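Hi,

I am passing a structure on to you, with some notes on what turned up when I went through it. Have a look at it first, and then read on below.

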Amino acid sequence: MTQSTADQQATAAHRLPTIHDIDTRPIAVTPAQGTDLDPIWAAVVPETRARGNDIHLPISLAYAERLCAAYPGANSLLVRVSILLHDTGWAHVDEERIYSEGFTGNWRTAEIRFEHERQGCEVARRVLPGLGYDAEFIERVVAIIDGHDTRIESNSLEDSLVRDADRLWRFDHVGIATASTWFGLDPATYCDRLAREIVPELLTEAGYRMALADLERSNALLKTAVLR
């Protein structure tokens, strides 16, 4: 199931446009570039072992870099560091509650989601000072992490790019394979949910076009038209 043309047009009105090229190829062809963030990765290896972060975070960083290319006015370092750290707080909450509360019922407002944001802020404040990041930069990272799942509004261009990067990984077949199990859904039902609930949340034109391209490929690859 995909959005109709009318639905797509209606939900696109609020998205941030761009005059720059938008790369809609499969994300695997453009992994995150450079090694400048490797010291942060090394500092949070334990945090990457929770809730599939060792899959989610690197893929989301790759999407974030594509978004930064489409919106060159953004502070790309702020976006990249924030997306790398945004979900590290999951490693510091009760693992059973992640799945029993964070992916069932009214999961968007579950207390466990607020808790993982608070814990992610603490991770940023703990690891970044020793790696040479100044206090002002760290607090800008924290401001993005705090509320990235639970706050309705975006507070900046960088905030919007992080939010879209966080969602975009779900549309790739790897994200679908991973996240559909968290919600206890088969891939076809999960793809329907992405089209119905997540596409309208995307804040940028680039994120929207990447999501639709990925979702079309994933639906074809996973044979969701018949495996439902």
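Let me start with one acidic residue: D36 is partly exposed, at 43% relative accessibility. Please keep in mind throughout that this is a predicted model.

The side chain of D36 forms a salt bridge with that of R80, with 2.9 Å from N to O. This pair links distant parts of the chain, since D36 sits in the loop between α1 and α2 while R80 belongs to helix α5 (residues 76-85), 44 residues apart. Unlike its partner, R80 counts as buried, because its relative accessibility of 11% falls under the 20% cut-off.

Here is some background on the chain as a whole. The protein chain has 12 helices and zero strands, so you can read the elements from the N terminus on simply as one α after another. Of its 228 residues, 51% are buried. About 10,300 Å² of the protein chain is exposed, and carbon and sulfur atoms supply 55% of that area. Among the contacts with a separation of 6 or more, 75% are between residues 24 or more positions apart.

Back to the charged pairs. How many salt bridges are there by the rule used here? The count comes to 19.

A second one worth opening in your viewer joins the side chains of R66 and D23, at 3.7 Å from N to O. R66 lies in helix α4 (residues 53-70) and D23 in the loop between α1 (5-11) and α2 (38-43), so the pair ties together parts that are 43 residues apart in sequence. R66 is buried, with a relative accessibility of 7%, whereas D23 is partly exposed at 22%.

The third pair is within a single helix. D214 and R217 both lie in α12 (residues 205-221), three residues apart, which is about one turn of the helix. Their side chains meet in a salt bridge of 2.6 Å, N to O. Is D214 buried or exposed? At 3% relative accessibility, D214 counts as buried, while R217 is partly exposed at 32%. Elsewhere, salt bridges that share partners join D23, R25 and R66 into one network.

If you only have a few minutes, I would start with D36 and R80, then go to R66 and D23, and finish with D214 and R217.

Happy viewing, and best wishes

Conventions:
Residues are numbered from 1 along each chain as its sequence is written. This is a predicted model: local features need pLDDT of at least 70, side-chain atom pairs count only at pLDDT 80 or more; totals for chains, interfaces and linings use all residues. Side-chain values use heavy atoms; hydrogens and water are left out. A salt bridge is a side-chain nitrogen of Lys or Arg within 4 Å of a carboxyl oxygen of Asp or Glu. Helices (H or I, at least four residues) and strands (E, at least two) are DSSP runs, numbered from the N terminus. Buried means under 20% relative accessible area, exposed over 50%, partly exposed in between (1.4 Å probe, protein chains only). Contact means heavy atoms within 4.5 Å. Accessible areas come from the Shrake-Rupley method with a 1.4 Å probe; for residues, only the protein chains shown count as cover.
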